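Here is a walk through one protein chain, from its overall build down to single residues. Have a look at the fold first, then read on.

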Amino acid sequence: MRILAVLLLLATMPAFAQQQRKPNIIFIFSDDHAFQAISAYGGKLAQTPNIDRIAREGALFRNALVTNSICGPSRATLLTGKYSHKNGYTLNEKKFDVTQLLFPRVLQQHQYQTAWIGKWHLGSMPQGFDYWRILPGQGHYYNPDFIEIGEKRERVPGYVTNLVTDFSINWLEHRDTSKPFMLVVGHKATHREWLPDLPDLGAYDNVNFPLPPTFRDDYAGRAAAKDQDMSIEKTMRLKEDLKVHADYTRNIYNRFTPEEKKAFQDYYEGRVSKEFDEKQLSGQALTEWKYQRYLKDYLSTANALDRNIGRLLNYLDKSGLAANTVVVYASDQGFYLGEHGWFDKRFIYEESLKTPFVVRYPGVIKPGTVVNELMTNVDWAPTLLDIAGVPAQPEMQGTSFMPLVKQGGSKKGWRKGAYYHYYEFPQPHHVYPHFGMRTSRYTLVRFYGQANTWELYDLQKDPHQVKNLYGQKGYEKITAELKQQLGQLIKQYEDDEAAKIMQQG
Ligand code: CA
């Protein structure tokens, strides 16, 4: 009997060991966190030691691009591995079809336990997850409501970035340890209106941020950039966004405890609004003051984000999970921190097109790997499936980037052009719909609808994208080549709407 038992044990061990070796995955997903605000990307505005740690111990993507630079569509693309025109979620504030092919559901079919905790913002309730606990809609920074799977909506005391991390660690503690897991940690930070956690109020008050080179952009030769409504000068609101004499009867402040409200009023009334009143600024000086205040609020809000990523990494170390857990940190898109005079996102231009993306995979990705190839968010779902050892899903439009990181950051035959299509118009921010392509050197874009314009940028000569070369003498050949390449991508991704517009020239 004893021999039989030993034999049985031996026979089942390889399968068991195989099961145990399947890596866990944690995808930390923030909202509107610009790569310019991350020190691993060379940003000088703030220090982000914990995001930097993931990059140092794994890989950093210098050209991680989104395919439609707004919140909901980026989440829909993460879930489906498809472009907006294929997953149906082209605009914010729609109802996402959760019955379609989602990577977490595929993982479930392959014995993974799946969870999404935090910001979801897709209009419908999650599917494909064994557990979820989400913020309704945009969610609140202070004392937010959460909806938990199978439970009622309830208000939870605390600060959102801390709570999302608490709930994530709590789920990890109580999960079914017989299975590998995939957890999405969805942060609200650093979305507008940028309410910092109390310990971070005033964190950057002694800093004077340099103006980006394009802060006073005149938008010459760029009709869409001229017609937007997302400038710090005109669109950013003193009262709501920058809390100058804020209305403390608003819903977001009604959720505060008396102590929290007092701390906010002491800071924003006692210091910020007081300074505003004393300075009596106007014109360019006022715009620059708004920029300074915007960055202070934005980066203070981001402090809690990095700190909580550190908490989660420490938990993985202490629990022994770190060695077999892949950790990704990404934002849903990039964001303007004053470049072109803007905040917000949407445009195919660099700061909103590029999103931060770092990944740690112990034993597989060599620490300090830097990837310059064009990776997009349609690649995320196929990659996560690849990591889990699950076959590629033909319906998904992206490609696993694991071969890139396994080979030191590049791979022969990798894509030469990344396709982009933005839809949401006119509200909010009045950015004309457009589609286009980014190569390692050029950006080609076609605005359509109320605008009918092409733009071409040479990133080598004009990294800040202020010189539209489209139609300029000497650029005929490259324009024709890029247009042909763009047409091929449109065909490949089956974007019929864009194909029709291309036919118009
Ligand atoms: Ca976003």
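## The chain as a whole

Buried residues make up 60% of the 505 residues in this chain, where buried means under 20% relative accessible area, exposed means over 50% and partly exposed is in between (1.4 Å probe, protein chains only). Keep in mind that this is a predicted model: local features need pLDDT of at least 70, side-chain atom pairs count only at pLDDT 80 or more, and totals for chains, interfaces and linings use all residues. Residues are numbered from 1 along each chain as its sequence is written, and side-chain values use heavy atoms, with hydrogens and water left out.

How does the radius of gyration fit a compact globule? With 505 residues, such a globule would come out near 23 Å, and the chain has 23 Å, so the two agree. That radius is taken over C-alpha atoms, and the globule rule is 2.2 Å times the number of residues to the power 0.38. Along its principal axes, the C-alpha trace spans about 90 × 65 × 40 Å.

The secondary structure adds up to 15 helices and 16 strands. These are DSSP runs numbered from the N terminus (helices are H or I, at least four residues; strands are E, at least two). Of the contacts between residues at least 6 apart in sequence, 68% join residues at least 24 apart; a contact means heavy atoms within 4.5 Å.

On the outside, the chain exposes about 20,500 Å², with carbon and sulfur atoms supplying 52% of it. Those areas come from the Shrake-Rupley method with a 1.4 Å probe, and for residues only the protein chains shown count as cover. As for charge, the mean positions of the 62 positive and 56 negative charges lie 5 Å apart. Lys and Arg count as positive and Asp and Glu as negative, while His and the chain ends are not counted; each charge is placed at NZ of Lys, CZ of Arg, CG of Asp or CD of Glu.

## Two domains

The chain is divided into domain 1 (21–195 + 300–414) and domain 2 (419–503), with bounds from an automatic or database domain assignment. Taken over C-alpha atoms, their centres are separated by 27 Å. At the contact between them, 27 residues of domain 1 meet 29 residues of domain 2.

E350 is worth a click. It sits in helix α11 (residues 350–353) and counts as buried because its relative accessibility is 7%. Leaving out residues up to four places away in sequence, E350 touches F35, R438, T443, L459, P463 and Q465.

Helix α2 (residues 49–57) has its own buried set: N50, I51, D52, R53, I54 and A55. The buried residues of α2 pack against β2 (59–61), α10 (283–319), β9 (325–331) and β10 (357–360).

Further along, N452 is in the loop between β15 (442–447) and β16 (453–458). Apart from neighbours within four places in sequence, N452 is in contact with R446 and F447. A499 belongs to helix α15 (residues 496–503) and is partly exposed, because its relative accessible area is 28%.

Here are some C-alpha to C-alpha distances to try in your viewer:

| Pair | Separation in sequence | C-alpha distance |
|---|---|---|
| A499 and L489 | ten residues | 9.8 Å |
| N452 and H434 | 18 residues | 9.4 Å |
| G341 and K262 | 79 residues | 33 Å |

G341, from the last row, is found in the loop between β9 and α11. With a relative accessibility of 9%, G341 counts as buried. Setting aside residues up to four places away in sequence, G341 touches T214, F215, Y219, M230, S231 and I232.

## Backbone oddities

Most residues other than glycine have a negative phi, and most peptide bonds are trans. Where does this chain have cis peptide bonds? One joins A189 and T190, with omega about 5°, and another joins R192 and E193, with omega about 15°. T190 is in the loop between β8 (181–186) and α7 (223–227), and E193 is also found in the loop between β8 and α7.

Then there is phi. H121 is not a glycine but has a positive phi of about 55°. H121 is in the loop between β4 (113–119) and β5 (131–135), and counts as buried at 5% relative accessibility. K243 has a positive phi near 60° and lies in the loop between α7 and α8 (251–254). At 0% relative accessibility, K243 counts as buried.
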